[in-house]
Amino acid sequence: WSCNINLPVTTFGPKACMLKNPKAVMHIQDPASQRLTWNKPPKSVLVIKKIQDVSLLQPFKELCIFLTEQKQMLVYVERKVLEDPAIANDDSFVAVKKKFCTFREDFDDISNRVDFIICLGGDGTLLYASSLFQESVPPVMAFHLGSLGFLTPFNFDTYQTQVTQVIEGNAAIVLRSRLSVRVVKERREKGRAKDRKLILSNGDAEPARRAMQYQVLNEVVVDRGPSSYLSNVDLFLDGHLITTVQGDGVIVSTPTGSTAYAVAAGASMIHPNVPAIMITPICPHSLSFRPIVVPAGVELKVMLSREARNNAWVSFDGRKRQEIGQGDSITITTSCFPVPSICFRDPVNDWFESLAQCLHWNVRKKQGYMSSEEEEVEEP
């Protein structure tokens, strides 16, 4: 990780940390040995539910009742989840709702209040959980109740046993690296770019630029948007121009994101424990432009080329989509704050199970059995 230290961050939220392994070699930990432990017993949990999904109402209610009444946990729930008429009008759920702590995305900071997270839904719930925490992320336990369960290994049928084991600190985790993304954009409201200045409250003048920061779990996608022209963006690595992307765009992804948009664009699949960043062109205008993998920690920068006929567009895990013009830049590197995803078994078995179940990796009709008689070939 690019953290100015030799070891990755191993604390997640206010109470969780990764159990240290004294047998680690070269600071590379065996994925099977990554275990969750607690400095203090967890007392609060954030429950994230996929919005407007009727099939999740009953599991959500069962889980919340179990957490509040049996486990005596303080439950955090997003306010818009409780505004669902099916929940708001349920009289039998009123007593439980009164115990909840609610919050609003982009308004309330819960980063130091939540000990761990439980997601109900598809892979999008884990991506959403990641977006709520711009620094240290509490451990995430994800149940597959959505259309795709690559990142959600738990079955809800045994949720009580599984949640109890996590609370007791009996679980494996996989550290899913994120991308730290900084977008610097010119302000284009008035005048020419070279003449514009931003007057600060102290009277000083600075260039009219604004910066935004994002933590991305899957990928950063730069594309041509609605334009009929090819995208034309320059790609820098540690300050050196390495290539110009001409095509529909480019995907910069984490190993976790390698099995999402990137693999659909022809990239390889990378295990989450591999410290890397993947660069994948989208329909490139050159047959020799193949996906590449670069070391985690390098700094990538994407800028619109001077020869570009149109602006580009960028999105982060499919969200916050915005236009990129001349003078804007997107700087990407490995984040110091990974997402500790709780495993059903362990990081290796869970990943290959997901490849088989969700992507049907290497599935084909088997060859028929050949008898010993068929193997004999008569000589002429």
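A strand here is a DSSP run of at least two residues, and strands are numbered from the N terminus. Keep that in mind for this model, which is predicted.

**The second largest pocket**

Strand 13 gives the largest share of the lining of the second largest pocket: four residues. Strand 13 spans residues 209-216. It has company. Helix 5 (123-131) and strand 22 (319-324) each supply at least two lining residues as well. The space inside is about 460 Å³. In total, 22 residues line this pocket. Which of them are closest to its centre? They are Glu105, Asp106, Ser131, Leu132 and Gln134. By class, the lining holds nine nonpolar, five polar and eight charged residues.

**Two nonpolar cores**

The largest nonpolar core has 37 residues. Six members touch the most other members: Phe60, Leu63, Leu67, Ile118, Phe143 and Val163. Helix 1, residues 57-70, provides the largest share of this core, with six residues. A second core of 29 residues is separate, and its members include Leu179, Val183, Val216 and Val245.

Now look at Phe143. What does Phe143 touch, leaving out residues up to four places away in sequence? Its contacts are Ile118, Cys119, Leu120, Gly121, Thr152, Phe154, Asn155, Phe156, Tyr159 and Val163.

**A three-stranded sheet**

One open sheet has three strands in the order 1-2-3, and their pairing is antiparallel. Strand 1 (11-12) and strand 3 (36-38) are the edge strands. Each has a single partner strand, so one side of each lacks a neighbour in the sheet. Strand 2 covers residues 16-18, and two bridges join it to strand 1. In one bridge, Phe12 is partnered by Ala16 of strand 2.

**Two loop residues with positive phi**

Most residues other than glycine have a negative phi. Two residues with a positive value are set out below.

| Residue | Phi | Loop between | Relative accessibility |
|---|---|---|---|
| Gln72 | about 55° | helix 1 and strand 5 (74-78) | 59% |
| Asn362 | near 60° | helix 8 (347-358) and helix 9 (372-375) | 65% |

Are these residues buried or exposed? A residue counts as exposed when its relative accessible area is over 50%. Gln72 has 59% relative accessibility, so it counts as exposed. Asn362 has 65%, so Asn362 counts as exposed too.

Methods. Residues are numbered from 1 along each chain as its sequence is written. This is a predicted model: local features need pLDDT of at least 70, side-chain atom pairs count only at pLDDT 80 or more; totals for chains, interfaces and linings use all residues. Side-chain values use heavy atoms; hydrogens and water are left out. A nonpolar core is a set of buried Ala, Val, Leu, Ile, Met, Phe, Trp, Tyr and Cys residues joined through side-chain atoms within 4.5 Å. Buried means under 20% relative accessible area, exposed over 50%, partly exposed in between (1.4 Å probe, protein chains only). Contact means heavy atoms within 4.5 Å. Two strands pair if DSSP finds at least two bridges between them. On a 1 Å grid over the protein atoms alone, a cavity is a set of points where a 1.4 Å probe fits but cannot get out, and a pocket is an open set with protein on both sides within 12 Å along at least five of seven lines; lining residues have an atom within 4 Å of a point. Grid points are joined across faces, edges and corners, and a volume is the space filled by probe spheres set on the points. Ala, Val, Leu, Ile, Met, Phe, Trp, Tyr, Cys and Pro count as nonpolar, Asp, Glu, Lys and Arg as charged, and the others, Gly among them, as polar.
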